[in-house]
Amino acid sequence: MKILLIVSIILLFCVLTLLTQVGGIVLLLSFLTHRFIDARTASKGWRTVWKFSCFIVFYFLVGLLILPLLAKPFNRAPLPVFSQAYVKPLRAITWICNRHYVRKDMIRVVNEAAAGMQQEYPGSVINYLDAGFPLFNGYPLFPHLSHNDGKKLDLAFFYLSPDTYLPLNDAPSPTGYGICEEPRPGEQDMPASCSKKNWQYDLMKKLVPQSARNGFVFDSVRTKTLLGLLMAEPEIEKVFIEPHLKTRLGLTGSKIRFHGCNAVRHDDHIHIQMK
Ligand SMILES: [Zn+2]
């Protein structure tokens, strides 16, 4: 029984470290409270509740108060979570898991793009997806191949309501990934050719429920405007999007690239990276 408990703790530590960077360490820190809780709580059920609550409180204290300070020497800062009306995480899980840290220049780039969007399409919100972890260079942001230095950021496309064709500030996927703007007949179909040889290319589409797809129409106009604003920023070196969307949106310039078949498909989100 004790071995089972130790194995479970090791597994939980690994999963938390993989997904949140510091969750495993916070779990170990929260063990410091266990002797205190055991000594004062008779009921086994209440002990579990208190121990879990301590972990949650520790986790959010570290995430909200300590990590932004620890991230500074690594030249990282958190993207806006609640402070900006027009730059937000698409899903709360992104900031809860500490996956919203970038270089300060990237925050400036995104804020400038948001200001540019307000001039053309007032009320448009830039929804960000995975960025990077707060600490260390080279620490991978699972499951991404890159996103390990604060220079990379994923953004959601813009969408319209299928009934009214009015702009929405949400995206169909529960994770932000995996609901794709598929190639149309006659368009270049890299997802089909890449996924024949690379199993991971299409993986998110297979994992993510597609049920919300019908509630959204891809907003090519606002998405193209956002891409233009981002590519105009001198700090932005590369933008990844599937070739069929590059052609469909009429995007040109050396910054817009194909990411290669070893990555995942990019017709469900935009990837930008700094020099
Ligand atoms: Zn990316």
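At the start of helix H9, a side-chain oxygen of Asp219 reaches to within 3.2 Å of the backbone nitrogen of Val221. The model described here is predicted. A zinc ion is coordinated by His147, Asp154 and His271, and a search of the whole structure finds one disulfide. The largest nonpolar core holds 42 residues.

**Helix H9**

- Helix H9 runs over residues 220-231.
- At 1.5 Å a residue, the twelve residues of H9 should span 16 Å, and the end C-alpha atoms of H9 are indeed 16 Å apart, so the two values agree.
- The buried residues in H9 are Arg222, Thr223, Thr225, Leu226, Leu227, Leu230 and Met231.

**Nonpolar cores**

- Within the largest core, the residues that touch the most other members are Leu153, Leu155, Leu226 and Ile272.
- At least two residues of this core come from each of helix H6 (104-120), strand S4 (126-128), strand S5 (152-155), helix H9 (220-231), strand S9 (236-240) and strand S11 (270-274).
- H6 gives the largest share of this core, seven residues.
- A second core, separate from this one, has eleven residues, including Leu16, Phe55, Leu67 and Tyr101.
- Leaving aside residues up to four places away in sequence, Leu153 touches Leu79, Met106, Val110, Tyr128, Asp130, Ala131, His147, Ile270, His271 and Ile272.

**Zinc site**

- The zinc ion is bound through NE2 of His147, OD of Asp154 and ND1 of His271, at 2.0 to 2.1 Å.
- Along the sequence, these donor residues follow the spacing H-x6-D-x116-H.
- Asp154 in strand S5 and His271 in strand S11 are 117 residues apart, and this pair links distant parts of the chain.
- Asp154 and His271 are both buried.
- Two of the zinc donor residues, His147 and His271, are also among the contacts of Leu153.

**Cysteines**

- The disulfide joins Cys194 and Cys261, with their sulfur atoms 2.0 Å apart.
- This disulfide is left-handed, because the torsion about the S-S bond of Cys194 and Cys261 is about -55 degrees.
- Cys194 lies in helix H7 (residues 190-197) and Cys261 in the loop between strand S10 (256-257) and S11, so the disulfide ties together parts that are 67 residues apart in sequence.
- Cys194 is buried, with a relative accessible area of 0%, whereas Cys261 is partly exposed at 25%.
- The sulfur of Cys14 is too far from any other cysteine sulfur for a bond, because the closest, in Cys97, is 16 Å away.
- Cys14 is partly exposed, with a relative accessible area of 43%.
- Cys97 is likewise in no disulfide, and the nearest cysteine sulfur to that of Cys97 belongs to Cys14.
- Cys97 counts as buried because its relative accessibility, 12%, is under the 20% limit.

**Three buried loop residues**

*Gln21*

- Gln21 is in the loop between helix H1 (2-20) and H2, and is buried with a relative accessible area of 5%.
- The side chain of Gln21 reaches the backbone oxygen of Leu135 at 2.7 Å.
- Gln21 and Pro134 are 113 residues apart in sequence, but their C-alpha atoms are 8.2 Å apart in space.
- Not counting residues up to four places away in sequence, Gln21 touches Leu16, Phe133, Pro134, Leu135, Phe136 and Tyr139; of these, Leu16 is also a member of the second core.

*Thr33*

- Thr33 sits in the loop between helix H2 (23-30) and helix H3 (34-40).
- Thr33 is buried, with a relative accessible area of 15%.
- The side chain of Thr33 reaches the backbone oxygen of Ser30 at 2.6 Å.
- Beyond residues up to four places away in sequence, Thr33 touches Cys54 and Phe58.

*Val81*

- Val81 is found in the loop between strand S1 (77-78) and strand S2 (87-89).
- With 15% relative accessibility, Val81 counts as buried.
- The C-alpha atoms of Val81 and Thr94 are separated by 9.5 Å, and the two residues are 13 residues apart along the chain.
- Neighbours within four places in sequence aside, Val81 is in contact with Lys88, Pro89, Trp95, His100 and Tyr128.
- Tyr128 is also one of the residues that Leu153 touches.

Terms used:
Residues numbered from 1 in each chain as written. Predicted model: local features only at pLDDT ≥ 70, side-chain atom pairs only at ≥ 80, totals over all residues. Heavy atoms only, no water. Core = buried A, V, L, I, M, F, W, Y, C linked by side-chain atoms within 4.5 Å. Buried < 20%, exposed > 50% of the residue type's maximum accessible area, 1.4 Å probe, protein only. Helix = DSSP H or I, 4+ residues; strand = E, 2+ residues; numbered from the N terminus. Contact = heavy atoms within 4.5 Å. Donors = N, O, S within 2.8 Å, 3.2 Å for Na, K, Ca; no water. Polar contact = N/O pair within 3.5 Å; in protein donor to acceptor, adjacent residues only side chain to side chain. Disulfide = S-S within 2.5 Å. Expected span 1.5 Å × (residues − 1).
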